[in-house]
Amino acid sequence: MEKKKILFVKHGALGDIVISIGTIRHIAEQFPGAQFSVMTKAPFRKLMEHIGIFSHYIIDNRTSWWNIPAMYRVLNALRTGGFDIIVDLMGNARMHRYREILSCTAPKGSCWEWWDLPGRTLYRSEKRSCLLPAHTEVLPGDCFEWRRTDLSFMHGKGEHFHLLPERFVLLIPGCSPQHTYKRWPVENYREVVRRLHARGLSAVVIGTKAEAQEINAICADNPGAVNMLGLTELFDVPQIALRALATLGNDTGPTHMASLAGGFTISLLDQRNKTSALRGPDSVSMTSEGRVDLLTVDRVWEVLEPRLG
């Protein structure tokens, strides 16, 4: 029997991909022996490689439709990939347009299933002149259930783990540069570090160059703060979180990773991103009534302190 060829589509952002890993793995388990591919953005290829099931990668950086060479490469990869099932984990207008174009340009006789998971619909497609695919509602089934991701398997290089104190709280004060409204104030993080230090505990602060200003400000002249700016990679986060007494962070991919690794995690949200609640087994999503800076240190400390031992 010929192996099925299955393509997963998940462009990002980081947190969205992390949350979907459990579902991707669960669906893949329903098709033993299948050949799995993924379509994603270039920055997320390494993360997809860590999932450990994909043999082929289609890079779609979601450029403008007027970027004809880039659009041709993506659409040609879909058209010639010979996929039996395309699992669309995006379900957005761009992917719907891809589906329509593919239906009109696929080689004669081509047929495939397009699973639109967000919309819970199944499109059975076959190349017939320029007809768009008919679709039928998908009945609820095991393949379509959301599954919690367990990131405890994920390990990075851990090159600087020797800097980790024995008892510490992990702080993740950054987020996407495009969404600075998600950032809890630096002074609030500084106060958390001071309170931890008063209890004989350390705070490990991680992030990338994009968060350098915030991280350096949190750690400056603040005893008990361990500045690990640029000393960790994304895939280190789960193991650091499992060593920590707790993780406290903004609504950002690494905070979701800490949560899904199984460590106690607190995320700080405002009303604009209240749907981004953590999904890990031991997590608390604290949502402000308005801006995230309305969450006071005292309120956050009430949740964090009982977990410090």
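Start with the sheet: in this predicted model, 6 strands form an open sheet with parallel pairing, in the order β10-β9-β8-β11-β12-β13. Colour β10 (225-229) and β13 (283-287) next; these strands stand at the edges with a single partner strand each, so one side of each has no neighbour in the sheet. On average, neighbouring strands here are turned by 20 degrees against each other, direction ignored.

Now select β8, residues 168-172. Is this strand enclosed or open to the outside? Of its 5 residues, 5 are buried, so β8 is largely enclosed by the rest of the structure. Show the side chains: Phe-168, Leu-170 and Ile-172 point one way, while Val-169 and Leu-171 point the other way. This fits a general pattern, since side chains in a regular strand alternate between the two faces of the sheet.

Stay with β8 and look at its partners. On one pairing, 4 bridges join β8 to β9 in parallel, and Phe-168 stands opposite Ser-202 of β9. Trace the chain from β8 through α5 to β9 and you follow a right-handed β-α-β crossover. The other pairing is with β11 (residues 246-250), again parallel and over 4 bridges. There, Leu-170 has Thr-247 as its bridge partner, and Ile-172 has Gly-249.

Finally, bring in two helices. Select α5 (residues 186-198), which lies across β8, β9 (202-207), β10, β11 and β12 (265-269) and runs at about 175 degrees to β8. Then pick α8 (residues 253-261): this helix lies across β8, β11, β12 and β13, at about 150 degrees to β12.

Conventions
Residues numbered from 1 in each chain as written. Predicted model: local features only at pLDDT ≥ 70, side-chain atom pairs only at ≥ 80, totals over all residues. Heavy atoms only, no water. Pairing = 2+ DSSP bridges. Helix = DSSP H or I, 4+ residues; strand = E, 2+ residues; numbered from the N terminus. Axes fitted to C-alpha atoms, helices over the stretch in contact; angles between N-to-C directions. Contact = heavy atoms within 4.5 Å. Buried < 20%, exposed > 50% of the residue type's maximum accessible area, 1.4 Å probe, protein only. Right-handed = clockwise from strand over helix to strand, strands pointing away.
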